[in-house]
Each structure stands twice: as structure tokens, then as C-alpha cells.
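Please open the model in your viewer and keep the sequence panel beside it, since each stop on this tour begins with a selection. A short description then follows of what is to be found there.

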Amino acid sequence: MAMHLFRDPQHTGCLRAQERLSEYVDNRLSARQAWEVERHLAACPACAQMARELRTTVALVRDLPRYDTGEDFMARLHARLDGVEPTGAQPRPMGLLAQRWRWLWPERLRMALRPASGLGIAAGVILTLWAMPHLLRENGNRSMSPVGTSAVTPEALHYSVALAASDPFEDPAAANLAAHAVLKSVQEESDAKKAH
Amino acid sequence: MLSAAGNVMHADSALVLRAQANDRAAFNEIVLRYKGRIFNYIYRTIRHAADAEDLTQETFVRAYQSIRSFQVRASLNTWLFRIATNLCIDYVRKQKTHVPAESLSCAADESEQDAQRDIPDAALDPQRLLIDKELTHRVEAALEQLPEKLRTALLLYDVEGLSYEEIAAVLECPLGTVKSRIFHARAALRDRLAPYLNGMG
Ligand SMILES: [Zn+2]
């Protein structure tokens with residue numbers, strides 16, 4: 001897969017620059033990383049050309065024509081919705097505990113922990129309720145206060161996130177990597193926002 | 001400080017709350033807000049206009065059915081793309097077992113219907129590259145040749161404008177996997193398009 005990426009595999013400088021080109025054209029690199037890439041591009045015509053080609057490629061993909069639904073889409077949809085009832089009870093206003101929960105949990109983590117289907121939610125809750133005490137007990141002296149963030153151990157979160165995360169394309173490494181990546185993404189998300 | 005994304009999410013939340021209380025007009029508004037993006041994404045994924053329309057319908061039917069289990073603080077955008085993605089995955093799996101190969105180039109057709117589907121403001125932005133039909137066709141052909149996983153990540157990122165983090169939530173993938181797929185998708189596209197890019201950019 002990676003073979004075609006490197007026109008000059010002897011040059012490790014090329015390799016390092018090319019690994020970063022995609023994020024470079026998105027302006028996602030740190031100032032220092034971007035400077036390193038630029039320094040290489042200034043000295044290496046082959047990588048400079050790759051950078052130009054990549055930039056153009058991205059622009060072409062982003063400029064592909066967009067398509068929308070046909071004219072009768074809404075009428076057809078509402079005809080179908082007439083025969084459908086939303087399932088589940090109407091949500092009640094958030095209780096005090098839920099509100100605290102909301103503030104204590106980063107958005108990314110809560111989304112990752114929320115499986116899509118009703119069955120998934122039930123299974124997730126049961127597994128989490130089952131897993132938490134076990135994991136907490138293993139960590140000995142931590143108490144399980146409903147408010148203190150320190151009571152929710154990283155280990156417990158890792159476990160729950162790993163259960164909730166599954167790759168629809170059946171990526172083999174997903175189960176192991178998911179927990180780490182989602183936790184990491186909480187930090188990276190704020191970094192990314194700064195970068196934009 | 002409210003970001004643009006924050007404002008969108010706030011407006012979405014209000015609509016979702018109303019839709020959860022059986023307000024069909026609010027759900028209608030949600031559909032109008034998202035159907036273009038969802039359709040474009042599904043169509044670019046499965047490349048069959050009629051089926052893409054059906055899957056877009058199905059996306060919103062499922063969203064309507066389970067709207068009450070949707071948590072208002074989450075991203076409606078991410079949720080809808082996740083439903084759509086799962087429908088596409090099922091569809092592609094079925095196609096692989098039943099239909100060998102169908103015409104994949106609806107987008108290149110000059111038919112009246114397809115011409116009407118073009119969103120006109122594409123031509124209004126002076127910054128945009130002037131792309132001839134030939135090059136558009138090559139980009140689409142190169143996209144089609146990408147493995148599904150790479151194409152999906154690229155479509156969500158570069159065509160639909162989702163963030164790495166949103167895509168990780170849509171695909172239920174680690175963030176590192178998302179980054180890697182986008183990187184490899186772009187590299188493969190650049191590789192295939194390079195012969196046609198001389199003098200551009
Ligand atoms: Zn180089």
C-alpha cells in the first residue's frame with residue numbers, strides 16, 4: 001500500500017515529509033511540524049511536486065458536483081412516515097443527577113458510549129453496571145461517589161468504551177484501539193479546534 | 001463565544017426536542033436540513049441514483065422511528081450519517097452477492113434529471129478551480145476504484161466536511177484509523193490522478 005507513496009525511499013527526509021503532507025495541506029500540523037515540511041519541500045522538488053498534486057487532488061474532490069433528492073422525495077417520505085410510530089417513551093426533562101453526569105463527561109466519550117439501538121443501550125447499561133464495581137474493586141481504595149470524577153477510573157472507561165466501539169467494516173484492531181483512541185480524541189478534539 | 005457549529009447544534013437540538021414530542025413539522029425541518037447531504041453521501045457511496053434515493057428515505061424513516069432514543073446533546077449530523085453509513089454497508093454487501101457490476105457513471109450522464117440535481121452555487125465561487133467534465137469524470141473514476149473503507153472516510157471528510165472526530169463516531173472507528181484511511185485514500189487518488197494534474201494547482 002505504501003510503496004507508491006515514496007518516490008525516493010532512500011531519503012528518510014522524504015518519508016517523514018510525505019507522511020505529513022495530508023495534514024499539511026489541511027493546515028493541521030503544528031507550526032514546528034509545518035516548518036519542517038516546508039523546509040523539506042524547499043529542498044526536494046519531488047516532494048514539492050507531490051505536495052502540489054495532493055493539494056490539487058483534494059481541491060478536485062471537494063469540488064465534485066453535489067446531488068440532491070428528486071422532487072417527490074418529501075411527499076414519498078411523509079407517506080411512509082404516516083405508517084410509522086416513533087418507538088420508546090417521550091424523554092423526560094433531565095434530572096439533577098443526569099445533569100451532573102452531563103457536565104462530568106466529555107461529549108466525545110458520551111457519544112462513544114451511546115450505542116445506536118435501544119437494545120444496545122440496554123446491553124451497554126447492564127454491562128457497564130456489571131463492569132464498574134468489578135473494575136473499581138480491583139483498584140482497591142477508590143470510593144464510588146456519584147459526583148467525583150476521580151471515582152470513574154480510566155480503566156473502567158477503557159473497558160466501557162471498548163465494549164461500545166465496534167467498526168462496521170470489521171477492522172481487526174478496532175476493539176483494542178478504540179478505547180485508547182476515543183480517550184485520546186477528547187484531547188485532540190480541543191487541539192483541532194484551536195488549529196481551525 | 002458561540003461557534004457556527006455550536007449554533008447549528010443548538011438549532012438542531014430545538015428541532016429534535018419538538019420532534020421527540022411528536023411534532024411532524026419539526027421532523028420535516030430536520031429532513032429538509034439534512035436530506036441533501038445524506039443523499040449526496042449515499043449516492044457517492046453506492047453510485048446508483050434510485051437506490052440512493054430509497055436509502056435516503058430509509059435513513060429518515062429510521063431516524064423518525066428512533067428519534068426518542070436520540071440524546072439531544074449529541075450531534076444530529078453524526079447520528080444521521082451513521083444511520084446512512086450502516087444502510088450503505090448493508091446495501092454494498094447485498095450487491096456483492098447478487099449483482100456483479102452495474103453502470104457506475106450516473107454522475108457523468110448528461111441527462112436532464114441529473115443536470116437538475118447539480119447544486120447551482122458550485123459555479124458561483126470564484127475561488128473554485130474550473131474543472132472540465134473530463135477531469136471530474138477521472139476523479140469520480142479514481143474514487144470508485146478506492147476500497148470502500150477508504151472511499152467512505154474520504155467522502156465524509158473532504159466531500160461532507162465532517163471532522164476526524166465526527167467520522168470516528170460515524171464509523172465507530174478509532175481516530176487513528178480515520179486519519180490513516182484519509183491519508184491513504186488521498187495518496188491513492190493523487191497517484192491515479194497525477195498524470196492529469198500537470199499544469200494545475
Ligand atoms: Zn523529498
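## First stop: helix H8 of chain B

Begin by selecting B:Tyr164, B:Glu165, B:Ile167, B:Ala168, B:Ala169, B:Val170 and B:Leu171, which are the buried residues of H8(B). The model in front of you is predicted, and in it this helix, spanning residues 164–171 of chain B, is mostly covered, with seven of its eight residues buried. Extend the selection past the end of the helix to B:Glu172, where the backbone just after H8(B) takes a positive phi of about 50°.

## Chain B as a whole

Now widen the view to chain B and colour by secondary structure: nine helices and zero strands should appear, and from the N terminus on the elements run α-α-α-α-α-α-α-α-α. Chain B has 201 residues, of which 52% count as buried.

Within this chain, select B:Leu87, which has its place in helix H4, residues 76–98 of chain B. Is this leucine, B:Leu87, buried or exposed? Its relative accessibility is 6%, and because the cut-off for burial is under 20%, B:Leu87 counts as buried. Add B:Glu58 to the selection and draw a distance between the two C-alpha atoms: B:Leu87 and B:Glu58 are 29 residues apart along the chain, while their C-alpha atoms are separated by 8.1 Å.

## Chain A and the zinc ion

Turn next to chain A, where the secondary structure again consists of helices, nine of them, with zero strands, so that reading along the sequence gives the pattern α-α-α-α-α-α-α-α-α. Chain A has 196 residues, and 37% of them count as buried.

Which protein atoms are the donors of the zinc ion? Select the ion together with A:Cys14, A:His40, A:Cys44 and A:Cys47, and show the side chains: the donors are the SG atoms of the three cysteines and NE2 of the histidine, lying 2.1 to 2.3 Å from the metal. Traced along the sequence, these donor residues are spaced C-x25-H-x3-C-x2-C. If you display the angles at the metal, you will find that the four donor atoms subtend 100 to 113° around the zinc ion, and the arrangement is therefore tetrahedral.

Switching to a surface display lets you examine how far these residues are covered. A:Cys14 is buried, with a relative accessible area of 2%, and A:Cys47, at 1% relative accessibility, counts as buried too. A:His40 has a relative accessibility of 17%, and it also counts as buried, because the cut-off is under 20%. While the cysteines are on display, note that the structure holds zero disulfides over all chains.

## Helix H1 of chain A and its partners

Keep A:Cys14 selected and show the helix in which it is found, H1 of chain A. A C-alpha distance from A:Cys14 to A:Val37 comes to 9.2 Å, although the two are 23 residues apart in sequence. A:Leu15 is found in H1 of chain A as well, and at 32% relative accessibility A:Leu15 counts as partly exposed. From A:Leu15, draw a line to A:Cys47, which is 32 residues away along the chain, and the C-alpha atoms will be seen to be separated by 9.3 Å.

Now select helix H1 (residues 12–25) and helix H3 (residues 45–62) of chain A, which pack at an angle of about 25° with their axes 10 Å apart. That angle makes H1(A) roughly parallel to H3(A), and H1(A) passes H3(A) in a right-handed crossing.

For the last selection, keep H1(A) and replace H3(A) with helix H2, residues 31–43 of chain A. How are H1(A) and H2(A) oriented to each other? H1(A) and H2(A) pack at an angle of about 120°, with their axes 9 Å apart, and they are therefore oblique to each other. Looking down through this pair, you can follow H1(A) as it passes H2(A) in a left-handed crossing.

Terms used:
Residues are numbered from 1 along each chain as its sequence is written. Chains are lettered from A and ligands numbered from 1 in the order in which they are written. This is a predicted model: local features need pLDDT of at least 70, side-chain atom pairs count only at pLDDT 80 or more; totals for chains, interfaces and linings use all residues. Side-chain values use heavy atoms; hydrogens and water are left out. A disulfide is a pair of cysteine sulfur atoms within 2.5 Å. Buried means under 20% relative accessible area, exposed over 50%, partly exposed in between (1.4 Å probe, protein chains only). Donors are N, O and S atoms within 2.8 Å of the metal (3.2 Å for Na, K and Ca); water is not among the atoms, so sites may look incomplete. Four donors count as tetrahedral if all angles lie between 85 and 135 degrees; four count as square planar and six as octahedral if opposite donors are over 155 degrees apart and all others between 65 and 115; anything else is irregular. Axes are lines fitted to C-alpha atoms, for helices over the stretch in contact, and angles run from 0 to 180 degrees between N-to-C directions. Helices (H or I, at least four residues) and strands (E, at least two) are DSSP runs, numbered from the N terminus. Angles under 35 degrees count as roughly parallel, over 145 as roughly antiparallel, 65 to 115 as roughly perpendicular and the rest as oblique. A crossing is left-handed if the near helix is turned anticlockwise from the far one by less than a right angle, and right-handed if clockwise.
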